[in-house]
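Student: I am new to this structure. Please take me through one part of it closely: the aromatic rings and how they pair.

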Amino acid sequence: MTFTETKLKGCFVLEPDVFKDKRGSFFESYNKQVFDEGIGAEVNFVQDNQSFSTKGVIRAIHYQTGEYAQAKLVRVLQGEVLDVVVDLREDSITFGQHIAIELSDTNKKQVFIPRGFGHGFVTLSESAEFFYKCDNYYNKSSEGGIIYNDPTLNIDWRIESDKIKASERDLNLPTLSEARL
């Protein structure tokens, strides 16, 4: 597995070694020892989540605060998404900056998102099955979010605005400057 730290300190893109033959392919998607060594920290995942989305669905930009902050390891089981990570650590030199990376069942890339970051994705294929591990349990009273089209973040979601499908909740999220971090 290859670990590449992004411009957002502590956020990594993981690329597995995929072994292919006439039967198909095999790869190790997670190994705690390899993972902890690769990111240089120990993370104990306690919850797995999975979602199914159709083309144009945006699930963004979400985070957990305080004692319920979550680190995540995200990947796509089927389809293709544009995955977006936003640095929400107010003391960080990259505060308010983001990365965007295509994750798919073909490239098998994963993204590790440490605590203190916002996360979202948009489905680029006809449908996508999205899977992620969390190092802390979900707590509704600690959830936060930022509107996906915040002009200060200026995220290129790579999909036409009239094709975007978002939940009522996501359409009513605050901007970064208004958010409770």
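Tutor: Here is a look at the aromatic rings, followed by the nonpolar cores. Keep in mind that this is a predicted model.

Searching the whole structure gives 8 aromatic pairs. Take Phe35 and Phe112. Their rings meet edge-to-face. The centres are 5.3 Å apart, and the planes make an angle of 75°. This pair links distant parts of the chain. Phe35 belongs to helix α1 (residues 32-39). Phe112 belongs to strand β10 (residues 110-113). The two are 77 residues apart. Phe35 has a relative accessible area of 2%, so it is buried. Phe112 is buried too, at 5% relative accessibility.

Now compare Phe130 and Tyr132. Their ring centres lie 5.9 Å apart. The pair counts as tilted because the planes are at 55°. Phe130 is buried, with 1% relative accessibility.

Go back to Phe35 and Phe112. Ring pairs join them with Phe3, Tyr30 and Phe45 in a cluster. Tyr30 has a charged partner as well: the charged end of Lys133 sits over its ring, 5.2 Å from the centre.

Next, the cores. The largest nonpolar core has 21 residues. Ile61, Ile146 and Trp157 touch the most other members. Strands β6 (58-64) and β8 (80-87) each give two or more residues to this core. The largest share, 4 residues, comes from β6. Another core lies apart from it, with 16 residues, including Val76, Leu103, Ile113 and Ala128.

Finish with Ile146. Beyond its neighbours within four places in sequence, Ile146 has contacts that include Ile61, Tyr63, Leu88, Leu153 and Leu176.

Notes: Residues numbered from 1 in each chain as written. Predicted model: local features only at pLDDT ≥ 70, side-chain atom pairs only at ≥ 80, totals over all residues. Heavy atoms only, no water. Core = buried A, V, L, I, M, F, W, Y, C linked by side-chain atoms within 4.5 Å. Buried < 20%, exposed > 50% of the residue type's maximum accessible area, 1.4 Å probe, protein only. Contact = heavy atoms within 4.5 Å. Phe/Tyr/Trp six-rings, centres within 6.5 Å; stacked < 30°, edge-to-face > 60°. Lys NZ or Arg CZ within 6 Å of the ring centre and 35° of its normal.
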